[in-house]
Structures are given as structure tokens and as C-alpha cells.
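User: I am new to this structure and would love a close look at one part of it. Could you pick a spot where side chains meet and walk me through it, then show me what lies around it?

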Amino acid sequence: VQLQASGGGLVQAGESLRLSCAASGFIFKIDGMGWYRQTPGKQRELVAHIASDGSTNYADSVKGRFTISRDSVKNTIYLQMNSLKPEDTAVYYCNAELWLEGIPRPNTSWGRGTQVTVSS
């Protein structure tokens, strides 16, 4: 299974970015997908998560500014990031909890990460 993330970049504070993450491979079912972020010297933290039923969960720091959405047909999630702040600067990683065809246990997969830099 592969998670391909895209959409990172350099923006100014107050601007917007949209991240995408597409899962591919012999996927039987995806339970949930999400975005995490990490800065040097800090632990990776959850930014937003969307479950198979469409329910969402956000870090307090991004509530009201970020929106996660999902295209189940394309096995793709999106993170719309508005009103970006310098403290949002991080490497953003895509995550998926999924079941692979022929494997009777769930699998957690990570994408490579995409850099988001917000200048003040």
C-alpha cells in the first residue's frame, strides 16, 4: 500500500493551502485516514482525522481553520487549511488505518510527508 501526499508549500500567514493524500494498492477497506504534523524536536501530533462513517476529529489548535474531507471512491483525503499561522509550519504526514486484501488484520500506513511553511 502507498500513501501519496501532495500540496505542501510556502505561504504567508493568513493564506490557504490544500493537502491531498491518495491511498493505493490492494486495499480491501479503509477504516480511517488522517493528517499528522511534526516539527524538529517534537513528537508527531494529530491534526485531523476522518473515520469511515465521515465523523471528524481535530486538534484544538486547528479547529475552525482546517477542514478534512474524504473521497471514498478515490481513497483520497484532503486537508483544507485556511488562515494559516507561522505555528502551523511543519512536515505534514498522511496516515491510514486499513485492511489489505487477503490479510486478516488491520494495517497502519504512513505517507512520506509534505512540508508546509508559513511565513509571518
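Analyst: Happy to! Please keep in mind that this is a predicted model. Let's start with Arg44. Its charged end sits over the ring of Tyr93, 3.7 Å from the ring centre. The charged end of Arg44 also sits over the ring of Trp110, here 4.7 Å from the centre.

Trp110 is a good residue to follow next. Its relative accessibility is 39%, and since values between 20% and 50% count as partly exposed, Trp110 falls into that class.

Now for ring against ring: the count comes to one aromatic pair. The partners are Tyr36 and Trp110, with ring centres 5.0 Å apart and planes at 65 degrees; the pair is edge-to-face because planes over 60 degrees apart are classed that way. This pair links distant parts of the chain, as Tyr36 belongs to strand β4 (residues 27-38) and Trp110 to strand β10 (residues 106-110), with their positions 74 residues apart in the numbering.

From here, let's turn to the nonpolar side chains. The largest nonpolar core has 31 residues, and those touching the most other members are Met33, Trp35, Leu79, Met81 and Tyr92. Several strands each supply at least two residues of this core, among them β4, β5 (45-51), β8 (76-81) and β11 (114-119). The strand that gives the most is β9, with six residues.

Strand β5 also holds a polar residue worth a visit, His49. With a relative accessible area of 18%, His49 is buried, because the cut-off for that is under 20%. The side chain of His49 is joined to that of Glu97 by a polar contact of 3.2 Å.

Finally, a look at how some of the strands are arranged. Strands of a sheet pair through backbone hydrogen bonds, and the pairing can be parallel or antiparallel. In this model, four strands form an open sheet in the order β1-β3-β8-β7, with antiparallel pairing. At its edges are β1 (2-6) and β7 (66-71), each of which pairs on one side only. On average, neighbouring strands of this sheet are turned by 15 degrees against each other, direction ignored. If you would like to trace one pairing by eye, try β1 and strand β3 (residues 17-24), which run in the antiparallel sense and share five bridges. A handy place to begin is Ala5, which stands opposite Cys21 in β3.

Technical notes. Residues numbered from 1 in each chain as written. Predicted model: local features only at pLDDT ≥ 70, side-chain atom pairs only at ≥ 80, totals over all residues. Heavy atoms only, no water. Phe/Tyr/Trp six-rings, centres within 6.5 Å; stacked < 30°, edge-to-face > 60°. Buried < 20%, exposed > 50% of the residue type's maximum accessible area, 1.4 Å probe, protein only. Lys NZ or Arg CZ within 6 Å of the ring centre and 35° of its normal. Pairing = 2+ DSSP bridges. Axes fitted to C-alpha atoms, helices over the stretch in contact; angles between N-to-C directions. Core = buried A, V, L, I, M, F, W, Y, C linked by side-chain atoms within 4.5 Å. Polar contact = N/O pair within 3.5 Å; in protein donor to acceptor, adjacent residues only side chain to side chain.
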